[in-house]
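Hi everyone, thanks for coming. Let me put the structure up on the screen, and then I'll walk you through it.

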Amino acid sequence: MAFLEIAGLRKRFGSLDILKGIDLDLDKGGFLVLVGPSGCGKSTLLNTIAGLETITAGEIRVEGRTINELHPSKRDIAMVFQSYALYPNMTVAGNIGFGMEMRGVPKEEREKAIQVVAKTLQIGHLLDRRPSQLSGGQRQRVAMGRALVRNPKLFLFDEPLSNLDAKLRVDMRVEIKRLHATTGTTVVYVTHDQIEAMTLATKIAVLKEGELQQVGAPAEIYNRPANLFVADFMGSPAMNLIKARADEQNGRMMITFVNGGAKDIAFPAPATIAAKPLAAGQDLILGIRPEAITDRDGADRHSKAIEIVDAKVEIVEPAGSDTFVVTHLGGKEVTARMRSDADVKAGETMPFAFNLDKAVLFDPGSGKRL
Amino acid sequence: MSAATSSSTVGTPWTSRIVVYGLLFLFALFFLAPLYVMLVTSFKSLDEIRDGNMMSLPKAVTVAPWLKAWGEACVGLTCAGIKGYFRNSVLMVVPAVAISTALGSINGYVLTKWRFAGHKWVFGLMLFACFIPFQSVLIPMARILGILGLANSILGLIVVHVIYGLGFTTLFFRNYYEAFPNELIRAAQIDGAGFFQIFRRLILPMSGPIIVVTVIFQFTNIWNDFLFGSSFTSGDGAPMTVALNNLVNTTTGVKEYNVDMAGAMIAALPTLLVYILAGRYFVRGLMAGAVKG
């Protein structure tokens, strides 16, 4: 039995379906990230777990106990909000201790707990200040302190890093990961940032318009996206999605890029590329990550299916650690990720090495992975 | 003029500044003139008023008119000054302001943070109270006060003012609380705070400016009310404003302008005091609602 179980969860505002039947579970100590574009219902889902929103149908269980009807304070959860939601009229210590005060914990015990948490988060020197006197990163820490001090069964994070600047965001991301590793608590975390999702999660759930698109480990989501939406949403730059066709040539199944006008490009389909055998003439969309397209020297030597395609370089974007090279194939823009010292110039035609071991195929009609 | 002042008005020619300040000064004089006349007249003896200039300062300052207005002047048939009516007004204003402000605050809290189906309708109907001409409700209100047994009593006036103040106080507090982040309430709920705990520990401590605004507004309105006071009370139960009217209209031969003026000053002092003590919060509070925090 999983630690957190969500079964058939539905949420409806008037005639609007926000969540359309969510089934999810999470093991104890896991880190579940709910990710999706804005308006996909991820925050609503988190709020229903917190008890801040009622649910229309379904069930939420923690350790086998149904908590649907419980008041937020009785669910043994703690939540960190996007705006931090620190009480502006109380000191940092007051903020952290407020929950305990409401539960009638004696003053000495409260102060001891505040000290412990302040030490963990290195905010001991801030305890007497008010939230308005703190920087963004300090507020973030206090908000985490307020959650930590409860020592809850379940941590809920609602886009906690989105109000921080880029550098601080990376720092706090590491901090959250470390905190999760040391305390071993179970976390549900909402974000629209797929890098946060990839780096933090032990399990990712991708949502779109109130429906789960895919649930799985980060590597699985990244390498074997269940459909075109997940493929496009996860990863930056996004996965290349190229129109293609299955053809049979001399008894071998080939994948052909329909290269409108120019010569079509065909190469043999690796046996592992799709779960079911392809049918000749079938329309396909080939998904391949930018890092699986390189220059000839940068190609993965262990790959069994490297195909070289000559194409004209349109744009070169040196990003420091890598160089992104944009070209056109199958009527679509294709981004390749090359070593930073790769010798590439815009306007030249050069060989691109496609690592087809890493490619996936989608059905253009349903959008599902084949 | 200091360097700082001139640098803050780059591009404004000094001639236009003189015109602006000159006009403002003239308007200030114009508005302050009646107050000045009242003040100087209240400190003059009747003889001096009769043969003197209205604008001149008193030659011999006397506080006798103030004492008379307070303790001896005839209001209607009794000649015990206006002190009893002043007391009536205080007894009416303090609870009426306190109750209407407290209820408005809770209303605003509910209408923004604990929304229920139809909350917009409830608020809309409450706003209605702000726009109803008071004259139109005099007769039904008198009837209801009669049925409740509150006619001609301070308590009755308190009830009337609380009811009519609610529209405004709710509007003030609702708009102020609207800018409060809802996540604060949610965080407090998770922390285990209940409806009134959140109100007392979180909402109230942050309501300072809007409470001041509401108190000034309500105090001024209720203290200065004449219509309800004259309609629903009579004789010794009347508030200050009604008594002032009766004081001026009661003549026993000579018209005592100095006593009338002193009475009017006494009637105006409390609102003046409240405004001077809390006025700076008034402006600050009005601004606070406009800028989202």
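I'll go through chain A, then chain B, and finish with where they meet.

Some housekeeping before that. This is a predicted model, where local features need pLDDT of at least 70, side-chain atom pairs count only at pLDDT 80 or more, and totals for chains, interfaces and linings use all residues. Residues are numbered from 1 along each chain as its sequence is written, while chains are lettered from A and ligands numbered from 1 in the order in which they are written.

Okay, chain A. It has eight helices and 20 strands; helices (H or I, at least four residues) and strands (E, at least two) are DSSP runs, numbered from the N terminus. The C-alpha trace of chain A spans about 80 × 45 × 35 Å along its principal axes. Of the 370 residues in chain A, 40% are buried. By buried I mean that 20 or more other C-beta atoms lie within 10 Å of the residue's own; exposed is 12 or fewer, partly exposed is in between, and the C-beta atoms are placed from the backbone.

What about contacts? Two residues are in contact if their C-beta atoms, placed from the backbone, lie within 7 Å. Take the contacts in chain A with a separation of 6 or more: 64% of them are between residues 24 or more positions apart.

Chain A is assigned two domains, domain 1 (4-229) and domain 2 (240-362); these bounds come from an automatic or database domain assignment. Their C-alpha centres lie 39 Å apart. The contact between them takes four residues from domain 1 of chain A and four residues from domain 2 of chain A. On the domain 1 side, those residues divide into two nonpolar, one polar and one charged. For those classes, Ala, Val, Leu, Ile, Met, Phe, Trp, Tyr, Cys and Pro count as nonpolar, Asp, Glu, Lys and Arg as charged, and the others, Gly among them, as polar.

Now let's zoom in on helix H1 of chain A, residues 42-50. How many of its nine residues are buried? Nine of nine, so to speak a clean sweep. Among them are Lys42(A), Leu45(A) and Leu46(A). Right after H1(A) comes Gly51(A), with a positive phi near 90 degrees.

Those three H1(A) names come back when we look at Leu34(A). Leaving out residues up to four places away in sequence, Leu34(A) touches Lys42(A), Leu45(A), Leu46(A), Val188(A), Val190(A), Ala205(A) and Leu207(A). Leu34(A) also sits in the largest nonpolar core, which has 148 residues. A nonpolar core is a set of buried Ala, Val, Leu, Ile, Met, Phe, Trp, Tyr and Cys residues joined through C-beta atoms within 7 Å. Leu32(A), Val33(A), Leu34(A) and Leu156(A) touch the most other members of it. The element giving the most to this core is helix H8 of chain B (residues 154-178), with twelve residues. There is also a second, separate core of 17 residues, including Val75(B) and Met240(B).

One more stop in chain A: Leu86(A), in the loop between strand E6 (77-80) and helix H2 (92-102). Why do we call Leu86(A) buried? Because 25 other C-beta atoms lie within 10 Å. Not counting residues up to four places away in sequence, Leu86(A) touches Asn95(A), Pro131(A), Arg139(A), Val142(A) and Ala143(A).

On to chain B, which is divided into domain 1 (3-66) and domain 2 (83-290). The C-alpha centres of these two lie 32 Å apart. Their contact takes ten residues from domain 1 of chain B and nine residues from domain 2 of chain B. On the domain 1 side, helix H2 (14-42), helix H3 (46-51) and helix H4 (64-71) of chain B each supply at least two residues. H2(B) has the largest share there, four residues.

Finally, where do the chains meet? The contact takes 14 residues from chain B and 17 residues from chain A. On the chain B side, helix H9 (182-190) and helix H10 (195-203) of chain B give two or more residues each. H9(B) gives the most, with six residues. Sorted by class, the chain B side has eight nonpolar, three polar and three charged residues.

That's my tour, thanks for listening!
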